[in-house]
Amino acid sequence: MDPDSDQKLQFRRYVETQLADDNTRRSRIEGELDQETPQESLFVLRQSFESLRNLIDHLLQLPVCGLSLFNDVGNLVLREIVLNRYFRPFRLNEFRLEYDRLRSVRLLSLLSTVPAETRPLFTTAYLGLFRLLHCLAYVSQDTQGPIPRRVRVLLALVRSEALSLVGFLKNELAPKAGPKPLQAACLRAARDIARETERIAKDVLVELDRDRAAAARASYSFTQLFQTQVVALTEALSPGAAAGEAPFEQLASPMEAAERLRKDLWVFSQLCRAAEGHLRNDDVTSAEAVISSIVAFLGYFQDGSYQLLRYVDYEAFDRFSALLTELPWPPEGPAVRTRLIEDLRAFSMVLENTFAAVSRRAQLRGFNFDRAEAELLRDRFLAATR
């Protein structure tokens, strides 16, 4: 949790303990349990775990703890996780935009060409593979000293989630994947993941207590396995899409993602500035054409660069998307037109600030912005509505 949110939530909890009015206290507690943001959700989970830890610390002082007591405490822990809004690591198919996204330009472009009826299934497969790779990034590669308990938990989680992914590939994706070559590729991926996961469990994970380097070996083996399956699935969907040296690194290139996002942000801001200018000049016909271009570009943006944004940027983009959806056209009356002009101006500034922030990323250091290519993309959407 970031320090500012943590301090605010801690202070709110302190205020709740000082309230004498039961109705006010209950209202505040109910508001906290709504878990409207990931920060609040994590805070609630942490508070519950701290209470349970205190309970367990005292239970451990008993000479004997019965099996029923052990199970009841486990059920309480399980319930806290299942009831949590943002942190429920129990369903393979449950992904949240806050931390489950495909940050690959090539994969996003490829998925946009997959038929609508199977696209969600392939997207889920990719999200599952990248979630596993994300978990493995937290496994320490240090081979000195005892293995941290966190590493054991992460490797156990990866093994469990990998087997769940096998079931999804075999029972849900393969039967609906489409042509037989695609079905065969999905079944092959399921078989390879199951076989290699079993091998790692038998040959490597059993050595965790005796060999400090076993955790690093397991992490490396799992990482190679899932990266290979990402490449194999991509090749099955589009032969040649993952060709060349280091195919996974090419598919997941952060520089390519940053370049795509920077270009799309510039085009988006140019279209918004153009619409704003036409409205200020009372040229409603031209403004209508540019607004149509923005609507078309928004669909293109959401299929790709929207997934590359930071989570904190989503609110402004979602608010503007909702504005376009609800926008009456033509905007009647000076008040409505003035409000639209201000909305376009404000969102243009958001786009320009985000463009500047992306341009400062380390991946783009030394790479100049290709304005000519961006202008071609802008003109393509403008021409489509003329």
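What share of the contacts in the chain with a separation of 6 or more comes from residues 24 or more positions apart? In this predicted model, such residues account for 72% of those contacts. The chain holds 15 helices and zero strands, and it is helpful to begin with the whole chain before turning to single helices and residues. Of its 386 residues, 39% count as buried. The accessible surface comes to about 21,600 Å², and carbon and sulfur atoms contribute 54% of that surface.

The interior can be approached through its largest nonpolar core, which has 94 residues. Within this core, the residues that touch the most other members are Phe122, Tyr126, Leu155, Phe226, Phe268 and Ile294. Leu155 makes a good example to follow in the structure. With neighbours up to four places away in sequence set aside, Leu155 is in contact with Leu136, Val139, Leu205, Leu208, Ala215, Ala218, Ser219 and Phe222.

A pair of helices shows how two such elements can meet. Two packed helices are described by the angle between their axes and by the distance between those axes. For helix 3 (residues 38-59) and helix 4 (residues 67-82), the axes come within 10 Å and cross at roughly 170°. Because angles over 145 degrees count as roughly antiparallel, helix 3 and helix 4 are roughly antiparallel to each other. On the side of helix 3, the meeting residues are Leu45, Ser48, Phe49, Leu52, Ile56 and Leu59; helix 4 brings Leu69, Val73, Leu76, Val77, Glu80 and Ile81. Sorted by class, this contact has 10 nonpolar residues, one polar residue and one charged residue.

Two further residues, each in a helix, are worth finding in the model. Thr223 is part of helix 9, which spans residues 214-237. Thr223 has a relative accessibility of 18% and therefore counts as buried, since buried means under 20%. Not counting residues up to four places away in sequence, Thr223 touches Leu133 and Leu136. Leu136 is also one of the contacts of Leu155, so a reader tracing the core will come across this leucine again.Glu276 lies in helix 11, which covers residues 254-280. Is Glu276 buried or exposed? With a relative accessibility of 7%, Glu276 counts as buried. Leaving aside neighbours within four places in sequence, Glu276 is in contact with Ile341, Leu344, Arg345 and Ser348.

Terms used:
Residues numbered from 1 in each chain as written. Predicted model: local features only at pLDDT ≥ 70, side-chain atom pairs only at ≥ 80, totals over all residues. Heavy atoms only, no water. Axes fitted to C-alpha atoms, helices over the stretch in contact; angles between N-to-C directions. Helix = DSSP H or I, 4+ residues; strand = E, 2+ residues; numbered from the N terminus. Parallel < 35°, antiparallel > 145°, perpendicular 65-115°, else oblique. Contact = heavy atoms within 4.5 Å. Nonpolar A, V, L, I, M, F, W, Y, C, P; charged D, E, K, R; others polar. Buried < 20%, exposed > 50% of the residue type's maximum accessible area, 1.4 Å probe, protein only. Areas by Shrake-Rupley, 256 points an atom, 1.4 Å probe, with all protein chains shown as cover. Core = buried A, V, L, I, M, F, W, Y, C linked by side-chain atoms within 4.5 Å.
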